[in-house]
Amino acid sequence: MISDESAEAAVKRPAPTQAPTPTQAPARRDSAPSLREHALLVIRHAITTGDLDEGTIYSAAGLAKQLGISLSPVREAMMSLVTEGTVEAVPNRGFRLVPVTREDLEEIIRIRALLAGPAVEALCARVADDPASTEAALGDLRRNAEDALAAAANDDTIGFMTADRLFHEHLLEYGLGRRAAEISLRLRDQSRVFAAHSIAAVVDSESAQQIVDLVGLIEAGHSDEARALVVDNLFYFKRAADH
């Protein structure tokens, strides 16, 4: 059963919608997420954490009933996932996940690292050049990281995944811009956690502490250390698989 309580709570700080400039953090949306956005959020986390199985065909109606959301936003969310390449449509039957192998996972992480490294370097440089311009961005990153740490401490996998996704979205957007964030998130959403829940809980805590530490390194302008840590953090999925 997919639980959407943690995901619903975690979207109180919605993602920014404008590309950052060296002197301004992206604007934040004040409105609550739409039903489609909420359905998409919950389904994405169910995919990532293994609540939806690669070998099963899911109907939109069945998912809507399970989520307690009307059929239309669930169908729209699933079609968005088809467009992203995470899900494929099965004619007259429903939807199934596009299989992801460990080799796929390695490739995804390598590509995400190519974006995340320069993003933290750009933020570190901005901290050194104009600290005041980064206060809002670093505040968002700090809150996302602390939310992830709190969720991990409470063994709340969906809450952790929600906060962690927001952290990496903000990191890429504040560092490189919205397009980079969208590319990285699309790749992230194709990932899977190949681990039992008890193992994933341990890795959640380790990963959450890493992003808390990462914010500290960025605030201190330690570019090389920050780049190394963010790349290691991206291997969350691999650590869960190999733990």
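Two exercises on a predicted model follow, each with a worked solution.

Residues are numbered from 1 along each chain as its sequence is written. Local features need pLDDT of at least 70 and side-chain atom pairs count only at pLDDT 80 or more, while totals for chains, interfaces and linings use all residues; side-chain values use heavy atoms, with hydrogens and water left out.

**Exercise 1.** Determine which residues of helix H3 are buried and what they pack against.

Solution.
- Step 1: H3 covers residues 60-67 (helices are DSSP runs of H or I, at least four residues; strands are runs of E, at least two; both are numbered from the N terminus).
- Step 2: Ala 60, Leu 63, Ala 64 and Leu 67 are buried (under 20% relative accessible area, 1.4 Å probe, protein chains only).
- Step 3: Seen down the axis, these buried residues fall within an arc of 100°, so they line one face of H3 (the arc is that of the directions from the helix axis to the C-beta atoms).
- Step 4: They pack against helix H2 (35-48), helix H4 (71-84) and strand S2 (94-97) (contact: heavy atoms within 4.5 Å).

**Exercise 2.** Determine how helices H6 and H7 are oriented to each other.

Solution.
- Step 1: H6 (residues 135-153) and H7 pack at an angle of about 160°, with axes 8 Å apart (axes are lines fitted to C-alpha atoms over the stretch in contact; angles run from 0 to 180 degrees between N-to-C directions).
- Step 2: H6 and H7 are therefore roughly antiparallel (angles over 145 degrees).
- Step 3: H7 spans residues 157-175 and includes Ile 158, which counts as buried because its relative accessibility is 11%.

Conventions:
Buried means under 20% relative accessible area, exposed over 50%, partly exposed in between (1.4 Å probe, protein chains only). Angles under 35 degrees count as roughly parallel, over 145 as roughly antiparallel, 65 to 115 as roughly perpendicular and the rest as oblique.
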